[in-house]
Amino acid sequence: MPLEAVEARRLYRQVADQLRSLIDSGEYAVGSRLPTERELAEQLKISRPTVREALIALEVEGRLRIRVGSGIYVIEPAAVAAPAPASVIEGPFELLRAREFLESAIAEEAARVATKGDIARIDASLVAMENVEHPGEASMVHDRAFHVAIAGSLGNAVLVRVVGELFDQRLNPYFAQLAHYFESPGTWRTALDEHHAVRDAIVAHDPGAARDAMRDHLARSQDRFAQNFGAENAARPSSGRAARSTAKPSKPQHAPKKKRAASSSARRR
């Protein structure tokens, strides 16, 4: 018997597959509400961002609808369709963690080597960002230009390409759907202030401050996308198949709500 290729399945896809199976089996009926992200994360012993990636993937597939302030509901799919080609789609938090790791190191080196011309390009992108509406296509163009300009100061075309390609993953359907819930003119203003902090550290030729400012910016981006959907205490149906406990995942007893800010450990799997 010939060997078959082994696919390394991303963790959020494994969670999405479990939830899809429960929906298909009728364990979660159309119209029923799923457990909260916190409950699912506790049952599966994974991070809430991973659960969120799974839920967003199922929403893009047309299996769930997320109603901010109410909950996560099973919906009737318009047509039976194969799941999205997940093998080529990274989760939003995967991408942001990768960018946090890579771009903080790039910013650190940029603070050592950036020339007046490099800083002028960084400043030009910031000016453009100041004068654009968000969310929108134009704001993403200028945001991308800022990150690429910092990478460009290192004089390495590979890094420029990698930074640009990672940023472009914001256009993938999972990232776009997540951004739909949490991006606003207010978050844009906050992100712009974070960009200025990176720029100022590079201009001051302070590698440590530049590294920390970029890491802080991308970590805060993850925090913004991990905000509560607002349904942690929503009441759940008490009867019907959707209310029964299941093994994968089972419906937990309500635990006291924990009020804390997202942290670096919460973002890690």
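**Close-up views of a predicted helical model**

**Figure 1. Overall chain: contacts and make-up.** In the protein chain, 77% of the contacts with a separation of 6 or more join residues 24 or more positions apart. The model is predicted. Eleven helices and two strands make up the elements of the chain. Read from the N terminus, their order is α-α-α-β-β-α-α-α-α-α-α-α-α. The chain has 269 residues, and 45% of them count as buried. Its accessible surface comes to about 13600 Å². Carbon and sulfur atoms account for 55% of that surface.

**Figure 2. The hairpin of strand 1 and strand 2.** Strand 1 spans residues 64-67, and strand 2 spans residues 71-74. The two strands pair in the antiparallel sense, over four bridges. Together they form a hairpin, with three residues between them. Gly 69 sits in the turn and has a positive phi of about 90 degrees. One bridge joins Arg 67 to Gly 71 of strand 2. Strand 2 is covered on both faces. Gly 71 and Tyr 73 are buried on one side. Ile 72 and Val 74 are buried on the other.

**Figure 3. Lys 45, between helix 2 and helix 3.** Helix 2 covers residues 37-44 and helix 3 covers residues 48-61, with Lys 45 in the loop between them. Lys 45 is not a glycine, yet its phi is positive, at about 60 degrees. Is this residue buried or exposed? Lys 45 counts as exposed because its relative accessibility is 72%, and the cut-off for exposed is over 50%.

**Figure 4. His 205, between helix 9 and helix 10.** The loop that holds His 205 runs between helix 9 and helix 10. Helix 9 covers residues 185-203, and helix 10 covers residues 207-225. His 205 is another residue other than glycine with a positive phi, here near 55 degrees. The relative accessibility of His 205 is 46%, so the residue counts as partly exposed.

**Figure 5. Glu 108 in helix 4 and its contacts.** Glu 108 belongs to helix 4, which covers residues 92-113. Why does Glu 108 count as buried? Its relative accessible area is 19%, and buried means under 20%. Which residues does Glu 108 touch, leaving out those up to four places away in sequence? They are Pro 207, Ala 210 and Arg 211.

**Figure 6. Asn 228, after helix 10.** Asn 228 is found in the loop between helix 10 and helix 11, the latter covering residues 264-267. At 35% relative accessibility, Asn 228 is partly exposed. Along the chain, Asn 228 and Glu 37 are 191 residues apart. In space, their C-alpha atoms are separated by 8.7 Å. Asn 228 touches Arg 48, Arg 52 and Phe 182, not counting residues up to four places away in sequence.

**Figure 7. The largest cavity.** How many cavities of 30 Å³ or more does the model hold? The count comes to two. About 200 Å³ of space lies in the largest cavity. Its lining has 19 residues. Nearest its centre lie Arg 170, Glu 183, Ala 191, Ser 221 and Arg 224. Helix 4, helix 6, helix 9 and helix 10 each supply at least two lining residues. Which helix gives the most? Helix 10 does, with five residues. By class, eight lining residues are nonpolar, six are polar and five are charged.

**Figure 8. The second largest pocket.** This pocket holds about 300 Å³ of space. It is lined by 16 residues. Gly 136, Glu 137, Met 140, Arg 170 and Leu 171 are the closest to its centre. Which elements give two or more residues to this lining? They are helix 6 (137-152), helix 7 (157-168) and helix 8 (173-182). The lining has eight nonpolar, three polar and five charged residues. Arg 170 appears in both close-ups: it is among the residues nearest the centre of the largest cavity and among those closest to the centre of the second largest pocket. Helix 6 likewise contributes to the lining of the cavity and to that of the pocket.

Definitions and conventions: Residues numbered from 1 in each chain as written. Predicted model: local features only at pLDDT ≥ 70, side-chain atom pairs only at ≥ 80, totals over all residues. Heavy atoms only, no water. Buried < 20%, exposed > 50% of the residue type's maximum accessible area, 1.4 Å probe, protein only. Pairing = 2+ DSSP bridges. 1 Å grid on protein atoms, 1.4 Å probe; cavity = no way out; pocket = protein on both sides within 12 Å on 5 of 7 lines; lining within 4 Å. Points joined across faces, edges and corners; volume = space filled by probe spheres on them. Nonpolar A, V, L, I, M, F, W, Y, C, P; charged D, E, K, R; others polar. Contact = heavy atoms within 4.5 Å. Areas by Shrake-Rupley, 256 points an atom, 1.4 Å probe, with all protein chains shown as cover.
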